[in-house]
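Have a look at the model below, with an eye on its charged side chains and its metal site. The notes after it go through them in turn.

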Amino acid sequence: MNDWRLQGQEKYLKGVTLQKKTYKQFRDGWDHDHCEFCGAKFTENTPGTLHEGYTTQNNYHWICDPCFTDFNELFEWKVIFV
Ligand SMILES: [Zn+2]
């Protein structure tokens with residue numbers, strides 16, 4: 001697969017377990033994150049940004065819906081629905 005969004009994420013995202021969640025700020029002063037693939041912005045409240053997506057269990061990496069759909073098969077993610 002040749003896609004501009006793929007930049008070696010398999011090193012830390014291949015086969016990991018993801019949860020679909022509402023975005024929560026990681027800690028004080030860290031008020032947004034970006035999709036690991038396309039760079040789409042996640043925030044809690046800012047209009048025009050994403051407010052939910054798929055995240056690793058430590059809430060550190062975020063993946064938007066379209067990128068999840070596009071790369072789910074390639075990365076063999078396990079998804080927990082809560
Ligand atoms: Zn994305």
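## Asp65 and its partner

Asp65 has a relative accessibility of 32%, so it counts as partly exposed, since that label covers anything between under 20% and over 50%. This is a predicted model, so take the values that follow as computed from it. Asp65 makes a salt bridge to Lys20, with 3.4 Å between the closest N and O atoms. That contact links distant parts of the chain: Asp65 sits in helix H2 (residues 65–75) and Lys20 in strand E1, 45 residues apart.

## Lys20 and Glu52

What else does Lys20 pair with in a salt bridge? Glu52 is a partner, the closest N and O atoms lying 3.7 Å apart. Glu52 belongs to strand E4 (residues 52–56) and Lys20 to strand E1 (residues 17–22), so this pair ties together parts that are 32 residues apart in sequence.

How accessible are the two ends? Lys20 comes out at 24% relative accessibility, which puts it in the partly exposed class. Glu52 is partly exposed too, with a relative accessible area of 41%.

## Asp3, Arg5 and Asp70

The count for the model is four salt bridges. One of them joins the side chains of Asp3 and Arg5, at 2.9 Å from N to O. Are these two residues buried or exposed? Both Asp3 and Arg5 are buried.

This pair also has company: through salt bridges that share partners, Asp3, Arg5 and Asp70 form one network.

## The zinc site

Now for the metal. Which residues coordinate the zinc ion? The SG atoms of Cys35, Cys38, Cys64 and Cys67 do the job, at 2.2 to 2.3 Å. Along the sequence, the donor residues follow the spacing C-x2-C-x25-C-x2-C. The site brings distant stretches of chain into contact with one ion: Cys35 is in the loop between strand E2 (32–34) and strand E3 (41–43), while Cys67 is in helix H2, 32 residues apart. Both Cys35 and Cys67 are buried.

Why is the arrangement called tetrahedral? The four donor atoms subtend angles of 102 to 114° around the zinc ion, and four donors count as tetrahedral if all angles lie between 85 and 135 degrees. For reference, the ideal angle for four tetrahedral donors is 109.5 degrees.

Key: Residues are numbered from 1 along each chain as its sequence is written. This is a predicted model: local features need pLDDT of at least 70, side-chain atom pairs count only at pLDDT 80 or more; totals for chains, interfaces and linings use all residues. Side-chain values use heavy atoms; hydrogens and water are left out. Buried means under 20% relative accessible area, exposed over 50%, partly exposed in between (1.4 Å probe, protein chains only). Helices (H or I, at least four residues) and strands (E, at least two) are DSSP runs, numbered from the N terminus. Donors are N, O and S atoms within 2.8 Å of the metal (3.2 Å for Na, K and Ca); water is not among the atoms, so sites may look incomplete. Four donors count as tetrahedral if all angles lie between 85 and 135 degrees; four count as square planar and six as octahedral if opposite donors are over 155 degrees apart and all others between 65 and 115; anything else is irregular.
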